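Visitor: I would like to learn how to read helix packing, chain contacts and burial from a model. Could you take me through them one at a time?

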Amino acid sequence: MSALLEVRDLTVRFSGRGQVVNAVHRVSFDLAPGETVALVGESGCGKSTIGLAIMGLTGVARAGDLTGAITLTFKAGKRRDLMGLSDRAMQAVRGNEVAMIFQEPMSSLNPVHTVGWQIREAITQHQGASRTAADDSALGLLKQLGIPDAERCLRAYPHQLSGGMRQRVMIAIALSCRPSLLIADEPTTALDVTIQAQILELLKRLQAQTGMAILFITHNFGVVAEIAKRTMVMYAGQIVEAGAVSEVFHAPRMPYTRALLDSLPRLDRAAPGGRLPAIPGQVPSPSALPPGCAFHPRCRYALPGLCDGRTPALEMCDDRRVVRCLRWTEIAA
Amino acid sequence: MTQPVLDVRNLRKWFEIRRGVIPRVVGHVKAVDDVSFAIQPNQVLGLAGESGSGKTTIGRSLLRLVEPTAGQVVFQGTEVTRLDARALRRFRRKAQIIFQDPYSSLDPRMSIEEIVAEPLRVQGIEPDRRARRERVAALLDSVSLSGEFLRRRPRELSGGQRQRVGIARALAVDPELVVADEPVASLDVSIQAQIVNLLQDLKEKLGLALLFISHDIAVMRHVADRIAVVYLGKIMEIGAARDICEAPRHPYTEALLSAVPNPDPEQRRQRIVLQGDIPSPANPPTGCVFRTRCPYAIAACAQTEPPLEPVGAGHYKACLRDDAP
């Protein structure tokens with residue numbers, strides 16, 4: 001089966017005030033129809049920027065600051081590079097082909113309109129449906145999402161709803177035009193764990209019903225294991241490891257992935273001596289990346305004279321896994 | 001048994017709901033309702049629960065940053081709820097707080113030195129400027145920040161560094177009790193572990209009693225000796241951290257634990273997905289407050305409010321059903 005989405009050498013640079021920030025640097029990946037892939041990393045690693053770039057919402061206008069190709073197979077069958085589309089054409093892609101949900105549903109919803117108004121707006125704007133038809137599908141959507149008392153929810157304003165309910169409304173708006181790809185940017189981060197569990201179950205159920213693909217952006221490795229089969233780990237604007245979740249989590253090859261997994265507090269095991277194996281130092285600022293491997297100042301496997309001088313490329317391992325580390329073969333041995 | 005540093009008995013904080021042109025009280029938000037616990041020296045008590053469970057209000061009422069409605073807070077034998085302003089200031093020399101958000105809890109106009117020295121100045125400790133600077137430098141050193149940070153401003157610091165400053169400020173007056181309100185929630189994963197380890201080190205070195213408030217029960221398992229699980233302003237279960245995490249006895253604790261996503265894809269557990277949201281504390285359910293979302297609820301749960309009863313050594317739960325979970 002051909003890919004639904006092909007991202008090739010995507011680079012996003014933010015420049016201004018004499019500073020250039022490489023937010024995303026030459027990122028490539030594929031997404032198959034109906035697949036869930038998790039993009040995981042810490043704040044500032046560029047994961048959200050990738051989601052915005054696919055939506056055409058980075059706000060980067062200067063020539064050369066946004067390069068690469070983002071090829072999407074449309075529902076009608078044709079394939080287009082989204083980077084080459086006009087604003088008007090992109091407007092038709094958003095909602096109908098690709099939709100996005102965000103971390104904080106309160107700031108993504110309009111506080112002065114009812115929930116029903118906002119879902120209807122999405123449907124009439126993107127599909128040209130009539131008001132009554134849109135109202136009917138809004139009600140149907142909320143019911144499909146398992147929202148109790150859906151009629152009342154349609155009449156409610158966002159501030160009258162709980163965080164979990166607001167995120168369900170955002171999902172309803174995103175799914176209202178049946179996109180083939182949903183970009184979910186930390187959709188459960190602001191929610192309690194019990195509500196997070198509800199939303200993850202809901203996304204899985206909706207995916208089984210609609211066959212949409214999900215690009216799930218998160219910093220939480222636990223959530224990755226719950227929702228995705230394949231994952232890409234990012235650090236400082238680049239993919240540093242990617243592969244099947246079961247393999248990456250079980251035997252991480254990139255020292256960063258390994259260190260991050262080790263440092264997680266786990267319910268099922270106590271840390272030796274009550275100490276968590278922490279990663280020293282901090283995430284580098286994207287405007288001042290260290291030379292060589294961006295992770296080397298924090299890496300316990302870093303070799304002076306090698307890792308601080310040579311920039312590692314993304315290498316293919318035997319098992320459909322890619323890793324960006326000069327020493328991965330030695331470390332794996 | 002040694003005397004606890006802090007002994008909280010039947011603590012209650014009800015916020016009044018006022019309505020009308022001439023506002024009058026039309027109801028109460030029962031943020032904290034009849035909560036009792038104790039913390040021993042050199043012990044960490046974790047307060048776990050979802051947002052809206054009242055955990056932050058518990059922490060703040062202990063220090064009287066909000067005034068408790070009823071109940072007693074006994075700190076080293078002294079009743080805190082009756083202290084006058086002067087005695088309260090003396091009490092706060094012994095009891096400090098670390099806030100969740102290291103961005104809004106540090107004054108952006110002050111230097112790091114001024115921020116950490118402020119409690120010393122307020123309490124009249126170390127009036128000599130040179131001695132004070134040395135003490136601040138030593139405090140920063142104890143949280144692994146070098147002397148070059150003295151003159152910096154909060155905006156020049158990362159989230160993890162700011163949280164270290166917040167910890168140094170809390171420790172400046174040599175407190176015996178520290179309330180840490182979600183100290184790692186706003187930090188990156190790789191920084192969380194650093195701060196958790198730092199708190200552990202400081203507890204052992206200084207013999208602190210620590211109230212660790214968090215919604216993340218996995219973090220708490222590593223930090224806390226004992227854990228109290230709160231829901232709608234009430235303690236549902238309290239016991240040793242290990243017992244709570246490995247053999248929970250309350251249906252809410254069980255559900256909370258099962259909702260934590262596990263990063264090991266090979267360990268798929270039976271997941272209990274709680275239905276609905278936490279009810280409003282202005283109008284809590286009758287009987288057991290958890291019964292509306294509880295998979296084990298029976299008719300009797302709506303009638304009687306279950307008291308905390310022992311189920312093991314130092315382990316208590318507030319649930320009518322012995323067979324659950």
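Guide: We will go through a helix pair, then the contact between chains, then a helix and its surroundings, bearing in mind that this is a predicted model.

Visitor: How are two packed helices described?

Guide: Two packed helices are described by the angle between their axes and the distance between the axes. Here, the axes of helix α3 (residues 112-122) of chain B and helix α5 (residues 159-171) of chain B come within 7 Å and cross at roughly 30°. Because angles under 35 degrees count as roughly parallel, α3(B) is roughly parallel to α5(B), and the crossing of the pair is right-handed.

Visitor: Which residues make the contact of α3(B) with α5(B), and how do they divide into nonpolar, polar and charged?

Guide: From α3(B) come Ile112(B), Ile115(B), Val116(B) and Pro119(B), and these meet Val165(B), Ala168(B) and Arg169(B) of α5(B). By class, the contact has 6 nonpolar residues, no polar ones and 1 charged.

Visitor: How many residues of chain A are in contact with chain B, and which element gives the most?

Guide: On the side of chain A there are 39 residues, in contact with 36 residues of chain B. The most come from α8(A), which gives 7 residues, and by class the side of chain A has 19 nonpolar, 13 polar and 7 charged residues.

Visitor: Why is helix α1 of chain A described as largely enclosed?

Guide: Helix α1 (residues 47-55) of chain A has 8 of its 9 residues buried, so the rest of the structure largely encloses it. Among the buried residues are Lys47(A), Ile50(A) and Met55(A), and just after α1(A), Gly56(A) takes a positive phi of about 70°.

Key:
Residues are numbered from 1 along each chain as its sequence is written. Chains are lettered from A and ligands numbered from 1 in the order in which they are written. This is a predicted model: local features need pLDDT of at least 70, side-chain atom pairs count only at pLDDT 80 or more; totals for chains, interfaces and linings use all residues. Axes are lines fitted to C-alpha atoms, for helices over the stretch in contact, and angles run from 0 to 180 degrees between N-to-C directions. Helices (H or I, at least four residues) and strands (E, at least two) are DSSP runs, numbered from the N terminus. Angles under 35 degrees count as roughly parallel, over 145 as roughly antiparallel, 65 to 115 as roughly perpendicular and the rest as oblique. A crossing is left-handed if the near helix is turned anticlockwise from the far one by less than a right angle, and right-handed if clockwise. Two residues are in contact if their C-beta atoms, placed from the backbone, lie within 7 Å. Ala, Val, Leu, Ile, Met, Phe, Trp, Tyr, Cys and Pro count as nonpolar, Asp, Glu, Lys and Arg as charged, and the others, Gly among them, as polar. A residue is buried if 20 or more other C-beta atoms lie within 10 Å of its own, exposed if 12 or fewer, and partly exposed in between; C-beta atoms are placed from the backbone.
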